[in-house]
Amino acid sequence: MADHIHKILIIGGGAAGLELATCLGQQLGKPGLAEITLLDAASTHIWKPLLHEVASGTLAEAEEIEYLAQAHRNHFRFLFGRMEGLNREAKQIIVSPITNKQGIELIPQRTFKYDTLVMSVGSVSNTFGINGVDRNCMFIDTTSQAYRFQKQLVETYYIQSYANQSHQRDKPLSIVIVGAGATGVELSAELHQVTKLLATYGLEGSIEVNITIIEAANQLLPALPPRLSQATQEQLVKLGINLKLGRRVTEVTETAVHTHDGEVFDADLKVWAAGIKAPDWMKNLDGLETNHINQLLVDQTLKTSDDNIFAIGDCAACEWVGHGGNVPPRAQAAHQQASTVAKTIVNRLKGKPAVPFVYHDYGSLVSLGKFSTVGSLMGSLMGTVSVGGFIAYVVYLSLYKMHQVAIHGYFRTAMLTLSNLFRRSAHAKIKMH
Ligand SMILES: Cc1cc2nc3c(=O)[nH]c(=O)nc-3n(C[C@H](O)[C@H](O)[C@H](O)COP(=O)(O)OP(=O)(O)OC[C@H]3O[C@@H](n4cnc5c(N)ncnc54)[C@H](O)[C@@H]3O)c2cc1C
């Protein structure tokens, strides 16, 4: 009988999980030292920080990666499905049945065994139980939500354009974004750019669009130094985006967003981007310890209280030693944690010790549309070096390039970048379908 081959199961192929599966596939899968399996609830991957571009329709479709093809090229197995539970005693995960749009079950509930399990399912928007948010707001947590938003945006633009032409409406189109973190700020700038492009393309019946950001804190981008938050604020004001800071949302209805001071903001489109949590089904997952936002508590080697289960990326709560609080839920943290846990798992198979995770904060960058980016670099290493404009734009792009290099290697990343440049010059800059 053949020896038992070590089964590594990775749940969630996002910024962290796909890099991990690719790395372990090459290092352990290719020489046959372990069986690597990646499970994801979607069949394709888009790097999450690009989702605001999907939502506004400015992203090239070429940025999407087919998990099956990636798995084939990198010696791991891909499974399509959504994890819904865990049985630690049997060392198996439980995957929901797959049904079609009519609710007919196509694949029944399944279970999959593991020797080592890595949870990397990311996060979802935290609605804090506020009345009407789930029902009336749009979210940009997943690729399908971002595409849904983009479709609704295009339809709304066409309807507004017709209403303007036929003098049925004289109010501007109103978009309210709740939350002034990177997601809300980047989306507002991207939507502003889309509106300008539509005017350039000459969409009949010119559309006036009012974009408003509502934020509970008194400054934008609380994670950035105040000087940069101020610079961002000035840029957004220049773009004509309305900023309502220090306003707590109390209710969202079909037509408006209400704040604690009694103001009512009429809104045709409402986007919720105020804070994150790990998915609710992860709360105390089969006895594993979780925090108030459902993240799995991990030690400095990214291991949970179960020796066979690790957690990385947004769904993990890992103390940021020496800084107070936890490692922030960012793409750079996901990238660094994937590299560390890959080394630990390789060591584990050789009977060597786990590798401790040390988070290096290389700063934060926020894209405000084409060639306008603000941020701080090298946060804790060099003190804050503030950057802006074109340099920041190039550094912002390099964060994505690092992710691409981790999953495609240098040569393919260079080819993809080139082909994308050609594609962008030949195609429309926004998607209108
Ligand atoms: C619009 C937007 C802009 C952002 N911009 C930035 C930025 O500029 N810089 C930055 O550092 N960070 C940014 N972030 C945050 C960054 O995207 C996340 O921190 C990062 O993606 C976390 O990586 P992850 O692997 O933990 O999760 P994700 O990348 O979210 O991946 C999670 C994966 O798990 C899968 N999954 C979820 N549930 C299940 C399940 N039950 N079963 C199977 N699979 C499942 C999902 O389909 C997904 O593929 C942004 C986020 C958003 C939404």
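Which backbone oxygen lies 2.9 Å from a polar atom of the side chain of His45? That was my opening puzzle for today, and I kept in mind that I'm working with a predicted model.

**Entry 1: His45**

I clicked on His45 and found the backbone oxygen of Gly13 at 2.9 Å from a polar atom of its side chain. I then looked for side-chain partners, and His403 turned up: the side chains of His45 and His403 are joined by a polar contact of 2.9 Å. His45 sits in strand β3, which covers residues 44-45.

Is His45 buried or exposed? Its relative accessibility is 2%, so it counts as buried, the cut-off being under 20%. I also listed what His45 touches, skipping residues up to four places away in sequence: Gly13, Gly14, Ala15, Leu18, Glu63, Glu64, Ile65, Tyr67, His403 and Ile407.

**Entry 2: Asp40**

Next I went to Asp40, in strand β2 (residues 34-40). Asp40 is buried, yet I found no salt bridge for it. How far away is the nearest side chain of opposite charge? That side chain belongs to Arg82, and it is 7.1 Å away.

The side chain of Asp40 does reach something, though: the backbone nitrogen of Ala42, at 2.8 Å. Leaving out neighbours within four places in sequence, I noted the contacts of Asp40 as Gly12, Gly13, Gly14, Tyr67, Phe78, Leu79, Phe80 and Gly81. Gly13, Gly14 and Tyr67 appear in the lists for both Asp40 and His45.

**Entry 3: the nonpolar cores**

I remembered from class that nonpolar side chains tend to be buried together in soluble globular proteins. So where is that here? The largest nonpolar core has 96 residues, and Leu24, Ile93 and Met119 have the most contacts inside it. Helix α8 (residues 331-349) gives the most to this core, with 8 residues. Another core lies apart from it and has 13 residues, including Val178, Ala267, Trp272 and Ala274.

I picked Met119 for a closer look. Setting aside neighbours within four places in sequence, Met119 is in contact with a list of residues that includes Ile11, Met83, Trp281, Phe310 and Cys315.

**Entry 4: the whole chain**

Finally I zoomed out. How many helices and strands does the protein chain have? I got 10 helices and 26 strands. The chain has 433 residues, and 51% of them count as buried. Its accessible surface comes to about 20400 Å², with 55% belonging to carbon and sulfur atoms. Among contacts with a separation of 6 or more, 63% are between residues 24 or more positions apart.

Terms used. Residues are numbered from 1 along each chain as its sequence is written. This is a predicted model: local features need pLDDT of at least 70, side-chain atom pairs count only at pLDDT 80 or more; totals for chains, interfaces and linings use all residues. Side-chain values use heavy atoms; hydrogens and water are left out. Helices (H or I, at least four residues) and strands (E, at least two) are DSSP runs, numbered from the N terminus. Buried means under 20% relative accessible area, exposed over 50%, partly exposed in between (1.4 Å probe, protein chains only). Lys and Arg count as positive and Asp and Glu as negative; His and the chain ends are not counted. A salt bridge is a side-chain nitrogen of Lys or Arg within 4 Å of a carboxyl oxygen of Asp or Glu. A polar contact is a pair of N or O atoms within 3.5 Å; within protein, one must be able to donate a hydrogen and the other to accept it, and residues adjacent in sequence count only if both atoms are side-chain atoms. Contact means heavy atoms within 4.5 Å. Accessible areas come from the Shrake-Rupley method with a 1.4 Å probe; for residues, only the protein chains shown count as cover. A nonpolar core is a set of buried Ala, Val, Leu, Ile, Met, Phe, Trp, Tyr and Cys residues joined through side-chain atoms within 4.5 Å.
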